[in-house]
Amino acid sequence: MSSKSLFNTTLIKKDLKILSPILYINIIYLIFSYPFRYTQAIIQLKNTAFNFYSFENLKSSEIFIVGSFFSALIAFLCAIILFANEKNKKTIEILSVAPFSRKQIYINKIIAGLLVSIVPMIIIYMITYFIISTEPLLSSVLELQYFRFCMYVCVLISLVVFSYFIMVSMLFGSVISTFICGSIFAFLPLGFFLLLGELVDIPEKLIDFSAKFTPMMAQVFSIIYSDTNIWSLLIYSIIFLLAGYFLFEMYKMEKNSEFLTFKWTEPVFKIGVFLCSAVLGANIMKVMLYDISRFETMNEILGFIVGGVLGYFIPKAIISRNKVA
């Protein structure tokens, strides 16, 4: 190992070079979405050309909804490129034989990802907040507390998405499988119970309970409820990052080309796909055959069988096809 320090400028520079197009896009978007937008509003106010419609647009939460979605997309791309894509291209395999520890590789990738996805957002938000708070004309019509809350939420949502897809990248061997499976898992277990609820009566308490452990719903709840709950997102981020690190330390580099990185995830994946496919098939058949056959139970059973068969053979075929000889 070249150094005992966890921070390595060589590794960070390498990853920043890979992420540089995303960094530029992120900075340009943030500048035009926040400081530029509010500076224009100040100019209009001073020129008495500021109309009611423009003012309502500035106060609208849609600005932050679109902003949080874009920032989450940037965080997702950073995680996918730094981990899933590098595993896919076997770049991490090359780094592992260089004088770097796995801990160094992992931590410096996290730092590079944060520098591209989170740090520019924090800086731009702070500049925008300074612009608003120091201009009496604008601060008198905008709620600074609400603006701060939206900033916290956008930053933490990006952090959760970034850390979540890092963890998922450690479980799957390609960019496509990471994207598809990671997106599906983001809505589980709530998604499964909602699908099952279309076939049988599911207690409301069970659905609410499952929502608390669903990554995407944890974010939604934090936005809907008071600002004291947004810190749960930070806890989620820490858990995902720690899980990602332990998985990164465990996985074998020669398994990069396999669909699943770890042998012990196969039964979990197969059972999960089987159950979800069977329940989804039952719901689809229930709708498709409703006008043909009024026997809803028979339609559901047929759909469950068809979906179950597909859910049994498809994951087996995918895993076997991607097995490293």
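**Helices, cores and aromatic contacts in a predicted model**

T214 is buried, with a relative accessible area of 0%. This residue belongs to the loop between α12 (204-211) and α13 (215-224). The structure discussed here is a predicted model. In space, T214 comes to 6.2 Å from L190, C-alpha to C-alpha, although 24 residues separate the two in sequence. L190 also takes part in a nonpolar core, described further below together with I202, I207 and A211. Just before L190 in the chain, a cis peptide bond joins L188 and P189, with omega at about 10 degrees. P189 itself is placed in the loop between α10 (175-185) and α11 (190-196).

Two helices make a helpful pair to look at side by side. Helix α1 covers residues 9-33, and its 25 residues bring the end C-alpha atoms only 31 Å apart, short of the 36 Å that a straight helix would reach at 1.5 Å a residue. A bend accompanies this shortfall: α1 turns by about 60 degrees at L19, and the proline P21 follows within four residues. Helix α9 (residues 144-171), by contrast, reaches 41 Å from its first C-alpha to its last over 28 residues, close to the 40 Å expected at 1.5 Å a residue. At the start of α1, the backbone nitrogen of T10 has a side-chain oxygen of N8 within 3.0 Å.

The burial of these helices can be followed residue by residue. In α1, the buried residues are L11, I12, D15, L19, S20, I22, L23, N26, L30 and S33. As a reminder for reading such a list, an α-helix has 3.6 residues a turn, so residues three or four places apart point the same way. L19, where the bend of about 60 degrees is located, is itself among the buried residues of α1. Helix α9 is mostly covered, with 23 of its 28 residues buried.

The nonpolar cores come next. In soluble globular proteins, nonpolar side chains tend to be buried together. The largest nonpolar core here has 75 residues, and those touching the most other members are Y34, Y38, L138, F162 and F172. Two or more residues each are given to this core by α1, α2 (35-46), α4 (62-88), α5 (91-96), α6 (102-117), α7 (119-133), α9 and α14 (231-250). Among these elements, α9 gives the most, with 20 residues. A second, separate core has eight residues, including L190, I202, I207 and A211.

Aromatic contacts are a further theme. A search of the whole structure finds 21 aromatic pairs. One of them joins F192 and F193, whose ring centres are 5.8 Å apart and whose planes meet at 70 degrees; with edge-to-face pairs defined by an angle over 60 degrees, this pair is therefore edge-to-face. F192 is buried at a relative accessible area of 19%, and F193 also counts as buried at 19%. F262 and W264 form a stacked pair, with 5.4 Å centre to centre and 25 degrees between the planes. The partners in the stacked pair differ in exposure: F262 is buried, with a relative accessible area of 7%, whereas W264 is partly exposed at 48%. Elsewhere, F76, Y164, F165, F179, Y236 and F240 form one aromatic cluster.

The ring of Y251 is of interest for its charged neighbours. The charged end of K87 sits over this ring, 4.9 Å from the centre, and the charged end of R102 also sits over the ring of Y251, at 5.4 Å from its centre.

Finally, several contacts link positions that are separated along the chain. G67, in helix α4, counts as buried at 0% relative accessibility, and its C-alpha is 9.0 Å from that of Y29, with the two positions 38 residues apart in sequence numbering. E266 belongs to helix α15 (residues 265-288) and is buried, with a relative accessible area of 10%. E266 and K316 are 50 residues apart in sequence, yet 9.0 Å apart in space, C-alpha to C-alpha. F246, in helix α14, counts as exposed at 51% relative accessibility, since exposed residues are those over 50%. The C-alpha atoms of F246 and K103 are separated by 9.7 Å, while the residues are 143 apart along the chain.

How values were computed: Residues are numbered from 1 along each chain as its sequence is written. This is a predicted model: local features need pLDDT of at least 70, side-chain atom pairs count only at pLDDT 80 or more; totals for chains, interfaces and linings use all residues. Side-chain values use heavy atoms; hydrogens and water are left out. The expected span of a helix is 1.5 Å times one less than its number of residues. The bend at a residue is the angle between axes fitted to the seven residues ending there and the seven starting there. Buried means under 20% relative accessible area, exposed over 50%, partly exposed in between (1.4 Å probe, protein chains only). A polar contact is a pair of N or O atoms within 3.5 Å; within protein, one must be able to donate a hydrogen and the other to accept it, and residues adjacent in sequence count only if both atoms are side-chain atoms. Rings of Phe, Tyr and Trp (its six-membered ring) pair if their centres lie within 6.5 Å; planes under 30 degrees apart count as stacked, over 60 as edge-to-face and the rest as tilted. A charge sits over a ring if NZ of Lys or CZ of Arg is within 6 Å of the ring centre and within 35 degrees of the ring normal. A nonpolar core is a set of buried Ala, Val, Leu, Ile, Met, Phe, Trp, Tyr and Cys residues joined through side-chain atoms within 4.5 Å.
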